Amino acid sequence: MKHTVRTGIAVAAMITGAAVVLGSVAGLIAIVPETGRDLGASQSQVQLVIDVTAVALGALVLPFGAMLDRYGRRRGALWGFSGLALALLASSVADTVPEMLLARTATGIFAAIGFPATLATLTSIVSEDKRPRAVAAWSAATMAGGTAALLIAGAAAEVGHWRAFFVVMAGLSVLVALGTLIAVPETRDPEGSHVDVVGSLLSIVGIGAVIVAIIEMPVHGITSARVAGTLTVGVLFMTLFVTWCLRASQPLIDLRLLRNRRFSAAVFSVLLLYLCAYGWFFLSFQYGSYVLGYGPLAAAGLLLTNAVATVPASFFGPAAVRRWGFRAAMTAALLAAAAGLAIMAATGSARDPVLLAIGFCAFGLGLGLGMTPATEEIISSLPGSRQGAASAINDVVRELGAASGIAVFGAIFNAYYRSSIDGAGLAPTVVGPVRDSPAIGTAVAADRPGVLAAIETAVVSGWNATFVVGTAVLLVAAVWVCARSGSAAASPSATAPTSWEDTPGPRRSTAM
């Protein structure tokens, strides 16, 4: 096999792998009503089934990324995507909430092995001059992969076989593993890399506990012993993690990187954009199902308007940075995304799919414009020998954003949804299941128009409030990024940017 063909297959496998991982996390959102009904799950249980994969992925991707640098990125991709295929098949046959939770946890664990291998391998096998385009393709795939997975899941649910979604994703995982086996060269640096066991354990417990507390908050309340205790554990372990990273000679993350303004802006922007993106994913299908009356496939089709803007904007992102500068480009990205959420919040009560599509498109423009330069900035912060760790930093920020987005947006939505149901004057015999979740509520109230109308009104109430909050978050982020002026603090990396307005780009060769 010619070298150029082999490289092409390897690049395609890694880009597809990234799309499969993000699609495996996001796709379940498209079949929330079907999953909830068939598993007999409450709204909080459905959220947990969705969130558990992102929690496992976000908590484990940092230590696994560091291990890839030492033990091999190709090996990580093979183990990760082979295991991911098995976990997805297990999801397709799960009949109860505990079984699905176990399968989705395994999905997150194997995704945490394979996901950092995709970007780390990509930046290691392509030449320096081609890296921005490769990173743009990878970034576009992470968002387009989520949308494609939503379409696959929607189509599967539309024909009555929502479990087929997991089978299709398992097949794609097998293809990625085969492409890795055939064409991906092994890259690693056993001498220059280090696995921080203490930091890994602290981050796993801290991240996991914080996310679980956020998920449980709307159900039990922040003052409950269950939530307060879990949150306290999470904050304590994250504090210990930060302290350890600042003092250890070879920490899991060199937190001094955050002194560099462009790096911190990139991390902050990716976190909030992904938080809003996955919160939007989660709520859009519920809005489409319970307000617009769409089936899963039609709801996924509406979300395609986002991908129409996201993909081309991802490739325009590096050019925008070269023309406007990093700060201006990231500020514009956050403002565009905020405008999209504002349109959604303003038009939710109108129930107009055209206006919603405009909001989706504006939000997608912001996502695409911001993701590629932010990703390039993060992976360029570490040397080529630590591309697994650099990729893992980028991945964990994305996954923390994804898990937090579903949890936080879901918590806001649940609070307003339940408040609206409580004030709807429904009969005591139906208010319990209706209040528990829209999925269960519609199942028990299919022949009661008044109850269905109350559910629709409650969903709109939750939708509007949630996206008002999302808009405010992105506007504050845009102001924060724009306000950071002057020289950037020196990064511990010798090649880190020395000025806030330095034009980013490959600052070291990672071709192997």
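In the largest nonpolar core, which has 152 residues, the members that touch the most other members are Tyr278, Phe281, Phe363, Phe467 and Leu474; a nonpolar core here is a set of buried Ala, Val, Leu, Ile, Met, Phe, Trp, Tyr and Cys residues joined through side-chain atoms within 4.5 Å, where buried means under 20% relative accessible area, exposed over 50% and partly exposed in between, with a 1.4 Å probe and protein chains only. The largest share of this core, 19 residues, is given by helix 10, helices being DSSP runs of H or I with at least four residues, numbered from the N terminus.

Before going on, I should say that this is a predicted model, in which local features need pLDDT of at least 70 and side-chain atom pairs count only at pLDDT 80 or more, while totals for chains, interfaces and linings use all residues. Residues are numbered from 1 along each chain as its sequence is written, and side-chain values use heavy atoms, with hydrogens and water left out.

Let me take one core member, Phe363: leaving aside residues up to four places away in sequence, Phe363 touches Leu273, Cys276, Ala277, Trp280, Asn306, Ala336, Ala337, Gly340, Leu341, Met344 and Leu474, contact meaning heavy atoms within 4.5 Å.

Now to the open space. The largest pocket has a volume of about 560 Å³, and a pocket is an open set of points on a 1 Å grid over the protein atoms alone, with protein on both sides within 12 Å along at least five of seven lines, whereas a cavity is a set where a 1.4 Å probe fits but cannot get out; lining residues have an atom within 4 Å of a point. Of the 24 residues that line the largest pocket, Met238, Ile253, Val267, Val397 and Leu400 lie nearest its centre. At least two lining residues each come from helix 8 (197-220), helix 9 (225-247), helix 10 (261-290) and helix 14 (387-422), and helix 14 supplies the largest share, 6 residues.

As for enclosed space, the whole structure contains 1 cavity of 30 Å³ or more, a volume being the space filled by probe spheres set on grid points that are joined across faces, edges and corners. This cavity is lined by Leu28, Val32, Thr35, Val46, Val49 and Ile50, with helix 2 (32-39) and helix 3 (43-71) as the elements that give two or more residues.

Finally, Ala164 lies in helix 7, residues 164-183, and counts as partly exposed because its relative accessibility is 31%.
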